[in-house]
Amino acid sequence: MCGIVGYIGHREAYPIILKGLKRLEYRGYDSAGIALFDGTDLKLSKTKGKVANLETKLESEITTHGSVGIGHTRWATHGVPNDVNSHPHYSNSGDLVIIHNGIIENYESLKKELIKRGYVFKSDTDTEVLVNLIEDVKKNEQIKLGKAVQIALNQVVGAYAIAVFDRNKPNEIVVARLGSPLAIGIGDDEFFIASDASPFIEYTKNAIYLEDEEMAIVRRDKGVKIRKIHDDSLVDPYVQELQLNLEQIEKGGYDHFMLKEIYEQPSAILDTFRGRLLTNEAIIKMAGVEDNMKKFLNADRIIIVACGTSWHAGLVAEYIFEDLARIPVEVEYASEFRYRNPIITEKDVVIAISQSGETADTLAAIKLAKSKGAFVFGVCNVVGSSIAREAHAGAYTHAGPEIGVASTKAFTTQITVLTLIALRLSRAKGTISSSDYRHHLIELELIPDKVKKALESDDYVKTIAEIYKDVHNFLYLGRGYNFPVALEGALKLKEISYIHAEGYPAAEMKHGPIALIDENMPIVVIATKKGHYEKVVSNIQEIKSRKGKIIGIVTEGDTQVKELADHVIEVPETIESLSPLLTTIPLQLLSYHIALMLGKNVDQPRNLAKAVTVE
């Protein structure tokens, strides 16, 4: 949520910051702003709406000259989206300016105290409270900006990633993080600040990722000095070489990032198991699993914690782990897990799943699990992310950057990684036969080509989307491994088209949802040949007798469902445990085309953010 960009160096800051804000639009936002120092004066412009609105306003409102600046895209937490509440925010004196991602939970008490001291507030934000708190500390203690930031943050309760600039100290920017990501790009006599590396990838491949409770003073002439916020101890900076490249974060000829990422799934899945799946030798190689095999094999249970699409991937994994490895699994919403006083022991393995590796609730769940002695295994996509650093061990999905807010390739690559882990454990435990194990490996190796085949339904899915784009409700049904796919399909439609949709286990239809079915209700039924096929056919017949419109997702060559359904979308045949990797494809395409036909912003749906870094 929110996007932070900053620059200090020898170049013009404005084009770097503006382009960086556009790169961070995928994170979700409702307003944007930039502050620039031109060598003499500090200029600020901000507005509700898109970065394009800011660009137009900026060029008519202030000079865009200067080699120091900070920029921000805001996702509203405190205060409605408007020009005044947009970031950056000045302090009362106008000397300090701040951008902030996160939530200051005790801002009201801080604000009351500052008002008593004569401070006046223009916005409704917690961020304006923070910048004035820093100013108050700096003024009263007669100290430098960096020390003032440190003292102020020790009075703060909440989460933050901040960048603060003082017009009287034009050669430095002070940054800090707790619970929200922040990266510092290291160039030649220049430095970049951003929520992730995408804004500065074309300028440098070297970056420092701040850890929680760290702050840095970034000086044009002296480099980067990092300290712990609470005890003032110095931290040796760890400079990472970025794996990201510019081509990965461009659309590559596609109209939208979401469509690009849907079509990248064959290569993303291949990259996920490349080097790990050695079919000829019947070997799965995953260092994070091998090095901690005893933890997995001796576990009483596996607890999977995740949010949103990652939670759906965890539900698929529950079936896979219990079916193949015979290990009990519980799948928890991270946001609920952290607050319900869960029973966790040293015999538990907690698998935390997050595309960004920055999901606040999942991070909090990890910390809770670790405090109880559980072994934590992270599954995420972003190298160097907070979850990757916080977990005891883990595995990257290697999906490449996912810019579209609605996750697509994250879902399929997460399932791929989790399948590899389940297969490796099942082999180690002896819960799968040699022939069945080899069959799974062979089928998994074939999945990228089968996903390509599933993508060939795109034009037909588009015709179905045209028929149903104006309906107000959808129902998605699946059984077994494909029940979570029904949930995911409904989520995709809700996220980007704003059409109400619900996913259910097909057998639960009779326990309530069947009351909704009439001639105006489209029902997407996942009815592949493997797994409860006859039962699902019976459910389809019940729908048909009530005049519901049936969109069937079936195995190639199916004839039985074809006779009953209004529309049938075929996917290639595979074993049941891998079918979610195929059945989800037409559902992604359906949501994409419906949203596009309704004129919605497919890549940046309203009110949503790519990485949910606040509670």
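The following paragraphs describe a predicted model, beginning with its sheet and continuing to the helices and hairpins around it.

The sheet is open and has 7 strands, arranged in the order β5-β6-β7-β8-β12-β13-β14 with antiparallel pairing. Its edges are formed by β5 (89-90) and β14 (234-235); each of these strands has a single partner, so one side of each is left without a neighbour in the sheet. In general terms, the strands of a sheet pair through backbone hydrogen bonds, in either a parallel or an antiparallel sense.

Within this order, strand β7, residues 158-166, pairs with strand β8, residues 172-178, in the antiparallel sense over 5 bridges. Ile162 has Ala176 of β8 as its bridge partner. Helix α5, which spans residues 145-153, packs on the sheet and touches β6 (96-104), β7, β8, β12 (214-219) and β13 (223-228). The direction of α5 makes about 160° with that of β7.

Further along the sheet order, β12 and β13 are paired in the antiparallel sense over 6 bridges. A hairpin of 3 residues joins β12 to β13, and Glu214 has Lys228 in β13 as its bridge partner. Strand β13 also pairs with β14, again in the antiparallel sense, over 2 bridges. Here Arg227 stands opposite Leu234 of β14. The hairpin of β13 and β14 has 5 residues between the strands, and Asp232 in this hairpin takes a positive phi near 70°. The pairing with β13 thus leads to the edge strand β14, which has a single partner.

Helix α3, residues 107-116, offers a contrast between buried and exposed positions. Tyr107, Leu110, Lys111 and Leu114 are buried in this helix. Viewed down the axis of α3, the buried residues fall within an arc of 100°, and they therefore line one face of the helix. This agrees with the geometry of an α-helix, in which there are 3.6 residues a turn, so that residues three or four places apart point the same way. The buried residues of α3 pack against β6 and α4 (126-141). On the other side of α3, Lys112 and Lys116 are exposed. Lysine therefore appears in both settings, because Lys111 belongs to the buried face, whereas Lys112 is exposed on the other side. Just after α3, Gly118 takes a positive phi of about 100°.

Strand β6 links these two parts of the description: α5 touches β6, and the buried residues of α3 pack against β6 as well.

Notes
Residues numbered from 1 in each chain as written. Predicted model: local features only at pLDDT ≥ 70, side-chain atom pairs only at ≥ 80, totals over all residues. Heavy atoms only, no water. Pairing = 2+ DSSP bridges. Helix = DSSP H or I, 4+ residues; strand = E, 2+ residues; numbered from the N terminus. Contact = heavy atoms within 4.5 Å. Axes fitted to C-alpha atoms, helices over the stretch in contact; angles between N-to-C directions. Buried < 20%, exposed > 50% of the residue type's maximum accessible area, 1.4 Å probe, protein only. Arc of directions from axis to C-beta.
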